[in-house]
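This briefing is meant to be read alongside the sequence and the coordinates, and it goes through strand pairing, aromatic contacts and charges placed over rings in turn.

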Amino acid sequence: RRATPSPPSSSRIAGGEIHPDPTHLSRGMEGDDPMDFTWTAGWEAACVDASPDPDPDPAPQEAEAEAESMILVSGPRVAVSGLRRADCRAGECVLFVNAGGCAIQGDHPSANLFSSDSFFQGGESIETSENIVQGGDYPSLYSSARYGDFTYRFDGLAPGDYYLDLHFAEIVHTAGPTGIRSFDVLVQQDKILSQLDVFKVVGGNRPLQVLDIRAFVGSNGAITIDFKGVRGNPMVCGICIRKSPATPAAKLGTRGSGLCKKCLTDVEISSPIQKRTAKLISKYEKQIEELTSQCNIKSDECSMAWSLVESTNQELDRLKMELHQKLVQTDNFEQVLDTQTDQLRKVSQNYENDKKLWAAAISNLERKIKAMKQEQALLSLEAHDCAHAIPDLSKMIEAVRALVAQCDDLKMKYHEEMAKRKKLHNIVQETKGNIRVFCRCRPLSKVETSSGYKCVVDFDGANDGDIGIINGGTAKKTFKFDRVYTPKDDQAEVYADASPLVTSVLDGYNVCIFAYGQTGTGKTFTMEGTERNRGVNYRTLEELFKIAEERKDTVTYNISVSVLEVYNEQIRDLLATSPSSKKLEIKQAGEGSHHVPGIVEAKVEDINEVWDVLQTGSNSRAVGSNNVNEHSSRSHCMLCIMVRAKNLINGDCTRSKLWLVDLAGSERLAKTDAQGDRLKEAQNINRSLSALGDVISALASRSSHIPYRFAL
Ligand SMILES: Nc1ncnc2c1ncn2[C@@H]1O[C@H](COP(=O)(O)OP(=O)(O)OP(=O)(O)O)[C@@H](O)[C@H]1O
């Protein structure tokens with residue numbers, strides 16, 4: 001009958017609990033001798049009765065060697081037969097557990113030989129009724145086993161060195177095959193058996209002992225034995241814990257003796273086990289030698305292989321470097337290629353555009369050539385006709401030359417005539433009088449008319465230059481002028497008499513036009529006028545530019561303008577953008593010629609610039625008010641036009657000035673009721689006008705002394 005691991009019958013399989021025997025262990029721990037267990041009596045008896053196996057069946061050495069190859073540590077030995085009485089060393093034994101089974105009594109009923117299965121955790125108990133071959137003196141030990149993944153933990157042990165004996169038998173897969181079950185065994189967590197395959201070593205229903213496994217118990221007083229399946233479940237039949245004898249097992253030295261670990265002396269070894277151990281050692285030493293020589297060969301091979309690897313790595317590094325350089329070169333080439341591709345694309349585009357343009361140009365040229373050919377054909381015909389007319393052409397050329405000569409002669413005569421005209425024009429002006437006085441009477445203003453004022457001027461003799469002042473019904477008082485303008489005469493008529501003087505200025509003569517009269521009589525209106533009704537100033541400059549334009553082929557003119565104001569005998573530059581601390585003064589440059597050093601001379605190119613200049617001057621002019629005329633100016637405003645002329649034919653240069661003056665009001669002091677600053681202003685105005693009158697009188701009477709200085 002074969003044992004089966006599952007499902008076991010309740011009577012034959014116990015659950016996986018820890019079942020320490022407190023009685024045994026407490027007694028063992030409490031007593032002075034830890035081996036003083038009741039069940040050890042059975043062992044003692046067994047030892048006494050022990051007798052050599054009459055028919056020992058020595059295990060094949062191959063099987064032992066096979067089992068030893070699974071032992072990872074030095075020291076343990078293998079027995080391929082069951083436990084015999086002769087092997088029992090009761091003096092050393094602390095505990096013998098019948099794994100998976102119950103307690104077994106020895107020859108003395110009072111003492112157990114093996115304790116029942118306890119101290120385990122996990123696994124199941126199994127047993128078999130089949131015969132255990134080579135089962136030794138206690139085959140029932142191998143009829144039961146703990147089966148599965150399980151652990152044994154033995155507590156309460158005195159610290160020190162112990163030996164463990166493990167008893168195995170394959171009682172489940174008794175017919176194999178090899179490798180159906182293999183497992184590891186760890187003692188105190190150190191693996192001592194690796195992939196133990198009991199069937200492989202001894203076959204089914206045969207005992208296998210692994211003896212003398214060393215274990216050290218520390219202060220925790222415990223030994224743990226872990227069984228871990230590699231393939232299938234592990235199983236164990238018995239565990240024996242033995243106290244290490246006082247003299248520990250010595251390492252074998254020479255054949256038949258061992259080296260004591262404590263005293264390092266040779267100890268005689270005579271037991272068959274020790275002999276076998278020595279044999280194994282010799283065998284392993286040979287194997288070690290062989291392995292060492294193989295290892296050396298392999299080391300040399302490794303060394304060579306390593307050198308090869310190193311040289312290969314160096315070559316690999318070199319190749320990597322080369323590859324990197326090639327990649328960099330490739331990148332550079334790609335960039336250059338991209339740039340050149342772009343350039344090529346642009347060139348290609350330009351080429352296409354140029355091609356189109358050239359095609360259009362060629363087409364255009366072809367059309368033109370065609371037209372020119374037609375024209376050339378016509379011209380050929382005309383040329384043919386002209387060839388006949390060449391004699392007439394020569395005559396014509398002669399005639400043109402004669403005309404050119406005649407033109408040059410006429411041109412010379414024209415200039416001579418122009419010079420004469422200029423001279424005669426100015427003689428005429430002088431004949432009219434170097435000093436001419438015109439009188440203009442303005443119309444009554446609306447305020448004056450609505451206030452009931454009446455005109456007291458008689459214009460009956462106006463055409464002859466006479467005006468009469470009707471004075472309260474008595475005989476009228478008559479005054480004579482070079483010309484009288486009635487209120488009906490407009491600005492253009494007033495300017496008509498000033499116009500010839502402009503020609504004189506451009507011919508190089510100095511001219512002065514000024515307006516004189518009481519406040520509010522129309523001086524400013526006459527000289528400046530308004531934007532819609534321009535006065536003498538604007539019209540004069542307009543005429544200047546007009547004549548200059550007419551003469552531009554023969555004379556170039558350079559015209560500049562200054563505007564100044566005389567107020568309270570102080571000169572102020574009305575074109576200066578910022579007030580100057582320097583006092584301006586009139587200097588006499590020659591007889592009848594004056595200038596003001598430092599004054600702004602604004603160069604004007606056309607009449608629009610002139611108007612801007614006149615407006616600037618007009619805005620800057622000092623204006624106040626008094627009770628005669630609210631907007632009357634109390635300063636003399638003087639506009640000076642400087643003309644520089646260059647005759648392009650004969651190179652003559654002239655400089656001349658035209659003064660256009662708007663004098664301050666000439667009313668009498670008593671009539672203005674002026675006081676304070678206004679009185680001072682009026683006094684200065686009257687004094688300057690009086691000096692001007694003296695100059696004019698002296699000029700008119702051709703006096704040898706002209707009192708210019710007082711008038712300055
Ligand atoms: N011929 C005219 N026709 C119409 N209105 C005129 C004429 N002359 C002057 N006036 C007007 O008379 C007023 C005074 O003229 P204006 O200011 O020219 O006098 P003024 O002599 O310059 O005075 P002041 O001495 O105070 O400068 C202005 O309103 C002006 O428009």
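**Strand pairing and ring contacts**

Within strand S13, Ile-239 is the bridge partner of Val-97. The model discussed here is a predicted one, and the points below begin with the sheet that includes S13 before turning to the aromatic pairs, of which a search of the whole structure finds 11.

**The open sheet**

- Strands S2 and S13 run antiparallel and are joined by 5 bridges, with S13 covering residues 238-243.
- These two strands belong to an open sheet of 5 strands, which follow one another in the order S1-S10-S7-S13-S2 with antiparallel pairing.
- The edges of this sheet are taken by strand S1 (77-79) and strand S2 (93-98), and because each of them has a single partner strand, one side of each is left without a neighbour in the sheet.
- On average, and with direction ignored, neighbouring strands of this sheet are turned by 20° against each other.

**Aromatic pairs and a cluster**

- The search of the whole structure gives 11 aromatic pairs, and among them is the edge-to-face pair of Phe-114 and Tyr-138, with 5.4 Å from centre to centre and 90° between the planes.
- Phe-114 is part of strand S4 (residues 112-114), whereas Tyr-138 lies in the loop between strand S5 (120-127) and strand S6 (144-154), so this pair ties together parts that are 24 residues apart in sequence.
- Phe-114 counts as buried because its relative accessibility is 0%, and Tyr-138 likewise counts as buried, at a relative accessibility of 7%, the cut-off for this term being under 20%.
- Phe-168 and Phe-183 form a tilted aromatic pair, in which the centres are 5.8 Å apart and the angle between the planes is 50°.
- This tilted pair links distant parts of the chain, since Phe-168 is in strand S7 (residues 160-169) and Phe-183 is in strand S8 (residues 182-187), 15 residues apart.
- Phe-168 and Phe-183 are both buried.
- One aromatic cluster is made up of Phe-119, Phe-120, Phe-150, Tyr-152, Phe-154 and Phe-227.

**Charges over rings**

- The ring of Tyr-162 has the charged end of Lys-243 sitting over it, at 4.6 Å from the ring centre.
- Tyr-538 has Arg-534 lying over its face, at a distance of 3.9 Å from the centre of the ring.

Technical notes: Residues numbered from 1 in each chain as written. Predicted model: local features only at pLDDT ≥ 70, side-chain atom pairs only at ≥ 80, totals over all residues. Heavy atoms only, no water. Pairing = 2+ DSSP bridges. Helix = DSSP H or I, 4+ residues; strand = E, 2+ residues; numbered from the N terminus. Axes fitted to C-alpha atoms, helices over the stretch in contact; angles between N-to-C directions. Phe/Tyr/Trp six-rings, centres within 6.5 Å; stacked < 30°, edge-to-face > 60°. Buried < 20%, exposed > 50% of the residue type's maximum accessible area, 1.4 Å probe, protein only. Lys NZ or Arg CZ within 6 Å of the ring centre and 35° of its normal.
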